[in-house]
Amino acid sequence: MKITVYCGASLGNHPAHQEATKDLANWIVSNQHTLVYGGSRAGLMGLIADSVLAQGGKAIGIMPKFLQERELAHPALTEFVLVDTMAQRKAKMLELADACIALPGGPGTLEEITEVYSWARIGQNSSPCIFFNKQGFYNPVRQMYASMMEAGFLTQTDFDKLLFSEDLAEIEAFIASYQAPLVRTY
């Protein structure tokens, strides 16, 4: 299975987020999955790739040309795909994804996982979307989705198609039993 991981190009300032990144890398390798990610050697992106590769796992990086030098493209990936735009990067990462997981990160990480979850609701993404919620990092996002549900902009059924967890066994079970949301009709 290919696990598309969205995460920061910075390490952040909480060691727990770096540990979560290593835990996810260990899970990917121990289950013989392949990492798909943004292709950088910086921050949590580099940490997850290095951790997967150090254990003999496979890592595929997708990076737009304009970020190749700025984000320090990882030099030792199993496969490196160079694209022209961020839109192409995101499309390729989703095309390869059997599951989408967001580790802690910044606005780009949040935007990417939110977009693929939104696409699931309109039939453009059949892969499960998961927020790796180490130390409650994504609790404010979860609350926002709960507020959307309470306000009638998101159904309980669709909210249940999104997982917030730091438990890899729960994440694995969620992926195994996932069924994409029904396409909304109006």
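Start with the cysteines: this model has 0 disulfides, a disulfide being a pair of cysteine sulfur atoms within 2.5 Å. Before you click further, know that this is a predicted model, where local features need pLDDT of at least 70 and side-chain atom pairs count only at pLDDT 80 or more, while totals for chains, interfaces and linings use all residues. Residues are numbered from 1 along each chain as its sequence is written, and side-chain values use heavy atoms, with hydrogens and water left out.

**Stop 1: the cysteines**

Select Cys-7 and Cys-100. Why is there no bond from Cys-7? The closest cysteine sulfur, in Cys-100, is 13 Å from the sulfur of Cys-7, too far for a bond. Cys-100 has Cys-129 as its closest cysteine, but with 4.8 Å between the sulfurs that is also too far. Cys-7 is buried at 6% relative accessibility, and Cys-100 is buried at 0%. (Buried means under 20% relative accessible area, exposed over 50%, partly exposed in between, with a 1.4 Å probe and protein chains only.)

**Stop 2: the sheet**

Switch to a cartoon view. You'll see 7 strands in an open sheet, ordered E4-E3-E2-E1-E5-E6-E7, with parallel pairing. Strands E4 (79-83) and E7 (162-165) stand at the edges with a single partner strand each, so one side of each has no neighbour in the sheet. From one strand to the next, the twist averages 20 degrees. Strands and helices here are DSSP runs numbered from the N terminus: strands (E) have at least two residues, helices (H or I) at least four. Two strands pair if DSSP finds at least two bridges between them.

Now pick E1 (residues 2-6) and E5 (residues 99-102), which pair in the parallel sense over 4 bridges. Val-5 has Ile-101 in E5 as its bridge partner.

**Stop 3: helices across the sheet**

Select helix H1, residues 15-30. H1 lies across E1, E2 (34-37), E5 and E6 (129-132), and runs at about 170 degrees to E1. Next, try H5, residues 107-121: this helix lies across E1, E5, E6 and E7, at about 150 degrees to E6. Contact means heavy atoms within 4.5 Å. The angles run from 0 to 180 degrees between N-to-C directions, with axes fitted to C-alpha atoms, for helices over the stretch in contact.

**Stop 4: the two faces of H4**

Which residues of H4 (residues 86-96) are buried? They are Arg-89, Lys-90, Met-93, Leu-94 and Leu-96. These cover an arc of only 165 degrees around the axis, which puts them on the same side of H4; the arc is taken from the directions from the helix axis to the C-beta atoms. On the face turned away from that buried side, look for the exposed residues Ala-87 and Glu-95.

**Stop 5: salt bridges**

The count is 7 salt bridges, each a side-chain nitrogen of Lys or Arg within 4 Å of a carboxyl oxygen of Asp or Glu.

- Stay on H4: Lys-92 and Glu-95 form a salt bridge, with the closest N and O atoms 3.3 Å apart. Both lie in H4, 3 residues apart, about one turn of the helix.
- Select Arg-121 and Asp-158, whose closest N and O atoms are 3.0 Å apart in a salt bridge. Arg-121 lies in H5 and Asp-158 in H7 (residues 156-159), so the pair ties together parts 37 residues apart in sequence.
- End with Lys-90, Glu-111 and Glu-115, which are linked in a network of salt bridges.
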